[in-house]
Amino acid sequence: MKIVIVTGLAGGGKTTALRALEDLGFFCCDNLPVSLFSTFVKSLESESIEQCAISVDGRQQHFIGDYHGQVIELKDAGHEVEVLFLEAADAVLFRRYSETRRRHPLSGDDVKDGIRQDREALASLRDEAIVINTGGLNVHELKAIVTGRYDGGPKRLAVNIQSFGFKHGLPQESELVFDVRYLPNPYFDPILGPQDGRDAQVSEFVFGSVEAEETIERIDEYLRFSLPLFAREGKLYITVGIGCTGGRHRSVALAEELARRLKENWHVLLRHRDLAKHTIRSLG
């Protein structure tokens with residue numbers, strides 16, 4: 001049987017991941033006691049169920065000691081077991097709890113202390129897991145990454161390409177960042193300024209420079225070399241940031257072109273982080 005153990009920090013996205021697996025036909029159980037793993041799987045085997053997902057969270061901190069023994073028992077019985085660990089930075093988790101006004105399952109109203117307890121309780125589970133940092137992902141992107149991993153087809157690395165503006169801050173979730181602020185800037189053109197890098201005129205302006213053409217070629221070449229290596233190491237996804245000053249023109253145009261080039265061989269997600277932060281300039 002294929003077994004996916006979904007774990008990680010409260011607020012990290014476990015519910016979204018579990019629902020994605022359920023949509024793929026996995027028999028899912030939320031927060032099953034660790035001591036019942038083997039019993040649960042045996043009961044599914046008797047019903048000829050071939051794949052299941054089990055959610056484990058920090059509320060089971062007193063039973064985590066049984067976890068490794070249960071996983072070894074499942075593997076020894078011939079089951080294919082994979083552990084998926086979902087996390088985010090403390091600030092992201094705190095913001096999520098503030099926005100939803102939910103109590104933390106480990107500490108009630110003291111969210112910061114709950115996050116600390118959660119990390120400590122689940123540290124040993126994280127060490128042997130495939131880790132997804134959901135800090136820069138929305139629910140649709142996380143679902144797409146999980147689906148791409150477990151939909152039964154070839155396991156393709158998800159490449160999350162994100163344009164951004166340096167003046168709005170560096171995206172902390174990016175594993176790779178390319179700075180393209182040296183390229184000619186359409187912002188100062190009175191016609192192109194109000195548009196963005198998705199518009200044909202802006203893209204033509206950006207790629208009208210030799211530097212832009214060489215930049216995209218070199219980024220493309222590097223990713224074609226490195227992405228198979230990331231995939232070989234078992235990564236589910238990698239986030240590539242492309243930044244210009246405001247995140248409206250140059251970075252957007254290059255991100256669009258890079259996504260077009262990579263989507264043939266990889267599962268590509270494309271986001272323009274800072275487009276919504278801009279207003280159209282008045283020409284009057």
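In which sense do strand 6 and strand 9 pair, and over how many bridges? In this predicted model, strand 6 (residues 158–165) and strand 9 are paired in the parallel sense, with 6 bridges between them.

**Figure 1. The open sheet of strands 7, 8, 6 and 9**. Four strands make up an open sheet, arranged in the order 7-8-6-9 with parallel pairing. Strand 7 (176–179) and strand 9 (267–272) form the edges, each pairing on one side only. On average, neighbouring strands of this sheet are turned by 20° against each other, direction ignored.

**Figure 2. The pairing of strand 6 with strand 9**. The two strands are joined in the parallel sense over 6 bridges. Ala158 stands opposite His267, a residue of strand 9. In general, the strands of a sheet pair through backbone hydrogen bonds.

**Figure 3. Helix 6 across three strands**. Helix 6 (residues 139–150) lies across strand 6, strand 8 (237–244) and strand 9. Relative to strand 9, helix 6 runs at about 170°.

**Figure 4. Helix 8 across three strands**. Helix 8, comprising residues 210–232, lies across strand 6, strand 7 and strand 8. The angle at which helix 8 runs to strand 7 is about 175°.

**Figure 5. His168 in the loop between strand 6 and strand 7**. His168 has a relative accessible area of 30%; because this value falls between the 20% limit for buried and the 50% limit for exposed residues, His168 is classed as partly exposed. His168 and Leu9 are separated by 159 residues in sequence, and their C-alpha atoms lie 27 Å apart in space.

Technical notes
Residues numbered from 1 in each chain as written. Predicted model: local features only at pLDDT ≥ 70, side-chain atom pairs only at ≥ 80, totals over all residues. Heavy atoms only, no water. Pairing = 2+ DSSP bridges. Axes fitted to C-alpha atoms, helices over the stretch in contact; angles between N-to-C directions. Contact = heavy atoms within 4.5 Å. Buried < 20%, exposed > 50% of the residue type's maximum accessible area, 1.4 Å probe, protein only.
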